[in-house]
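Thank you all for coming; I would like to take a few minutes to walk you through one chain, beginning with the whole and then stopping at individual residues. Please keep the view open while I talk.

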Amino acid sequence: MSDRELFAHSRSSAGVWHLLEEHLRGSASLARRFGEVSGCGELAGYLALIHDVGKGACVWQDRLRAVDRDGGGRVGVGHKHAGTFLAQKYTKLPFGAVVFGHHGGMPDMERLKDELVRAMAGGEEAQQVVEAIRAVEAVVPEIHPDPRPALPGWLGAPSGQGRLGLDLLVRMLFSCVVDADFLDTAAHFDGAAVRLREPVEMAALAERYESRRAKLLAVRDPSPVDAIRERVYEQACVAASGEPGMYVLHVPTGGAKTMAAGAFALRHAAANGMRRVVLAVPFISITEQNAAVYRDLLDPDASSDEEAVVLEHHSAVDLDSGDLLKGLTQEQRDELKARAHTARLAAENWDAPFVVTTTVRLFESLFSHKPSQMRRLHRLAGSVIVLDEVQALPDRLLIPILSVLRGLVDHFGATVVLASATQPSFWRLPTWEGLERRAIVDDPAQLFEELRRVDYEWRFGEEVTLEAIAAEAAAYEQVLTVVNTTTDAARFHRHLEGRVARGADMLHLSTRMTADHRREVIAGIKESLTRGWPVQVVSTSLIEAGVDLDFPRVYRAWAPAESMQQAAGRCNRDGHLHRGTVVIFQPSDGKQPRSKAYQAALNASEAHFGPGRSAPDELDALERYYPLRYALQQGTPDSGLGTEIEDLRRSLKFPEVDHRFQMIEDELSTPVVVIRREPDREPIESAIARLQDPDRPCGPEVLRSLQPHTANLPRGEAEAALRAGLATPITGDLLLWEGAYHAQRGLDPDAPEDRYAFNL
């Protein structure tokens with residue numbers, strides 16, 4: 001090992017050092033490939049080429065060798081300034097944020113300017129910067145490019161939109177560089193070539209989808225609404241030949257929207273040379289169900305050695321979490337920080353042709369400033385992005401969400417599909433002024449009239465309680481009740497106990513249950529409904545969008561209009577009854593989410609829906625409802641709905657944008673791995689060991705394996721569990737649950753326990 005050799009990483013398990021030249025060139029090649037999709041491949045490749053130039057300094061190289069001799073660990077010497085200096089010199093100042101932030105997260109411009117002062121002549125980092133650049137230019141002379149990397153022409157747009165475009169471009173470049181860095185690093189430690197999928201032929205996938213759909217329909221029981229569903233599907237297939245842009249799929253509940261959206265997306269991708277479909281939904285339960293449907297339609301046969309087509313990603317783990325949970329011991333804190341860098345290599349990067357994820361994960365990728373969350377962002381360029389149940393997008397973040405979606409369409413070759421039975425009035429907001437609205441189905445009003453399948457009843461008054469509704473619901477054989485919080489769901493389930501007829505299933509659904517547990521329950525519900533068996537179900541709102549269930553009677557706690565209509569979509573879904581019954585009740589002892597946006601939605605709903613007013617499925621009332629809902633949250637047309645985040649984006653204040661853009665507002669959710677069954681213990685513990693091994697970094701597949709075994713807790717409860725010894729940290733903010741798990745209610749909020757009085 002010559003002293004003149006420069007290394008990027010210590011020895012792999014095979015004893016091989018990672019040469020800095022190899023890492024820079026390898027990362028640059030990958031980043032260039034990622035950036036070419038959106039026309040910024042040259043710039044992405046250059047930023048990746050210089051991202052680790054600072055490692056050429058003697059102090060960094062000496063420290064790396066010392067750490068290796070001592071058996072591993074963090075180098076602990078900064079290496080960001082040299083590459084940041086080069087980025088500013090040969091590109092533009094904002095792109096220096098890509099290099100400076102590739103480990104800890106992108107800085108704002110004021111911080112970046114301060115750091116550049118430190119890197120320039122007379123600054124405290126200047127000597128190390130000069131030394132590193134001289135060492136690296138000897139082996140990678142291209143760090144001084146001639147000509148300079150080209151910038152996209154659209155950056156010269158008018159100042160307001162141009163600055164927002166610059167914000168999105170910097171984010172896209174950061175994603176390209178970080179993913180390339182992670183992939184090249186992981187390949188070194190694995191002692192293998194970089195794991196990267198080749199593009200899939202989308203036309204072939206569309207053909208497979210069509211063929212398998214036909215076989216699936218051939219064995220399904222016929223429904224009175226099948227002809228309407230087929231008409232929707234055919235219109236989606238025809239519309240798919242259109243150019244990339246912003247599309248609307250407005251179909252009533254029960255109109256086979258999932259099938260139609262998949263067909264449109266695949267055919268549209270094939271027609272326009274696009275590489276990927278990303279389907280984002282608001283609830284994990286829909287992710288799980290939709291992923292299962294699309295796997296059946298798209299994944300290769302079990303006997304094939306072909307890679308899976310569908311990737312399901314809903315893991316809520318924050319691998320960059322610097323805001324460590326309260327309740328950790330100092331030793332636990334130190335351990336998490338020590339393995340933070342290698343743990344990030346497990347972050348999901350959406351390297352699959354068909355991704356099913358949640359809207360939280362999607363927009364986290366777009367508005368974060370952290371490497372592991374933004375790693376996958378570049379996959380959205382040149383992709384079809386389907387936002388299923390788009391009505392669930394949070395109002396308080398609506399302006400930046402709509403703005404960034406428009407940016408993806410205008411500048412990064414994406415198509416966005418807004419799919420919902422309750423289409424919000426987005427085109428009435430200034431952010432989408434002048435944007436073409438492309439309809440996938442011809443006459444939604446006619447579809448709604450043809451698919452009207454329920455009658456509404458209303459229950460209001462002090463006597464209306466969760467217990468009273470449970471007593472009423474228990475008198476019916478097949479009933480679904482939807483409430484507004486996980487606490488209400490657990491309590492309603494308790495009220496049903498002792499009231500439901502013997503032999504009837506009494507089931508519960510919420511995010512306090514693991515993904516596998518929810519899958520099992522939904523499968524059990526479907527079987528009971530199909531066979532005509534008695535079944536009582538209580539759920540949070542996770543069931544009311546995208547979950548294909550058909551009850552004759554549904555109870556829905558008072559909620560915003562779109563939620564009431566979505567719940568009604570689980571009633572008489574297949575039209576076998578003349579009319580199903582949906583009971584809207586307002587429990588005097590029920591809870592509601594606490595937010596300004598939710599209260600505005602309730603107030604707007606009260607103005608238009610209820611006894612003596614409109615039913616939730618009347619389109620004219622919904623058209624009046626959304627503008628009122630938005631107006632209640634806006635002081636002026638230029639305020640509210642997240643407008644302040646747009647100002648921060650224009651100023652390139654990446655950390656502050658991340659801080660302000662919180663999809664889950666009231667109680668931060670913490671992911672918790674649960675070992676429900678003894679046969680699952682060994683693979684779960686093995687995956688956890690991989691995540692915690694600093695000397696053997698793993699890729700995204702390890703976190704994927706834990707998704708089925710993960711539930712969610714409000715942050716306060718998770719921290720209390722840590723203090724009580726009921727949970728232990730794994731990595732980032734991911735915890736291992738050591739406490740009791742209720743066979744039906746999962747992590748029951750009303751069942752506090754003694755640390756020493758439980759059995760797994």
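What follows is a description of the chain as a whole and then of several residues within it.

Let me say at the outset that this is a predicted model, and that everything I report has been computed from it.

I will begin with the overall picture. The secondary structure of the chain comes to 29 helices and 19 strands. The radius of gyration is 27 Å, close to the 27 Å that the globule rule gives for 760 residues, so the chain is as compact as a globular protein of that length. If you turn the C-alpha trace onto its principal axes, it spans about 80 × 65 × 55 Å. Of the 760 residues, 59% count as buried, and the accessible surface comes to about 29500 Å², with 48% of that area belonging to carbon and sulfur atoms. When we take the contacts between residues at least 6 apart in sequence, 78% of them join residues that are at least 24 apart. As for charge, there are 86 positive and 109 negative side chains, and the centres of these two sets lie 2 Å apart.

Now to single residues, and I will start towards the N terminus with a histidine. His51 sits in the loop between helix 2, residues 41–50, and helix 3, residues 58–69. Is His51 buried or exposed? With a relative accessible area of 0%, it is below the 20% cut-off, and His51 therefore counts as buried. Its side chain makes a polar contact with the side chain of His23 at 3.3 Å, while a polar atom of the His51 side chain also lies 2.5 Å from the backbone oxygen of Ala48. Leaving aside residues up to four places away in sequence, His51 touches His23, Leu24, Ser27, His79, Val99, His102, Val177 and Asp181, so if you select that set you will have two further histidines, His79 and His102, on screen beside His23.

The next residue is an arginine. Arg197 is placed in the loop between helix 8, residues 159–190, and helix 9, residues 202–219. At a relative accessible area of 15%, Arg197 is buried. Which backbone oxygen does the side chain of Arg197 reach? It is that of Ala308, at 2.6 Å, and Ala308 also appears in the contact list of Arg197, which, apart from residues up to four places away in sequence, consists of Arg33, Glu307, Ala308, Val309, Asp351, Ala352 and Pro353.

Let me turn to the backbone, where three places deserve a look. The peptide bond from Asp146 to Pro147 is cis, with omega near 5°, and Pro147 is found in the loop between helix 7, residues 126–137, and helix 8. Trp350, although not a glycine, has a positive phi of about 55°; it belongs to the loop between helix 14, residues 340–343, and strand 6, residues 354–358, and it is buried at 0% relative accessibility. Glu389, again not a glycine, has a positive phi of about 50°, lies in the loop between strand 7, residues 383–388, and helix 17, residues 398–411, and is buried with a relative accessible area of 3%.

Finally, two residues that lie in strands. Gln478 is in strand 11, residues 478–482, and counts as buried at 15% relative accessibility. The side chain of Gln478 reaches the backbone oxygen of Trp533 at 2.9 Å, and the residues that Gln478 touches, beyond those up to four places away in sequence, include Ser528, Leu529, Trp533, Phe551 and Arg553. Between Gln478 and Leu169, which are 309 residues apart along the chain, the C-alpha separation is 52 Å.

Val582 is found in strand 15, residues 580–585, and is buried, with a relative accessible area of 0%. Outside the residues up to four places away in sequence, Val582 touches Val454, Asp455, Tyr456, Glu457, Val554, Ala568 and Cys571. Val582 and Gly122 are 460 residues apart in sequence and 73 Å apart in space, C-alpha to C-alpha.

That is where I will stop, and I am happy to go back to any of these places on the screen.

Key: Residues numbered from 1 in each chain as written. Predicted model: local features only at pLDDT ≥ 70, side-chain atom pairs only at ≥ 80, totals over all residues. Heavy atoms only, no water. Helix = DSSP H or I, 4+ residues; strand = E, 2+ residues; numbered from the N terminus. Rg over C-alpha atoms; globule rule 2.2 N^0.38 Å. Buried < 20%, exposed > 50% of the residue type's maximum accessible area, 1.4 Å probe, protein only. Contact = heavy atoms within 4.5 Å. Areas by Shrake-Rupley, 256 points an atom, 1.4 Å probe, with all protein chains shown as cover. Lys, Arg positive; Asp, Glu negative; His and termini not counted. Charge placed at Lys NZ, Arg CZ, Asp CG, Glu CD. Polar contact = N/O pair within 3.5 Å; in protein donor to acceptor, adjacent residues only side chain to side chain.
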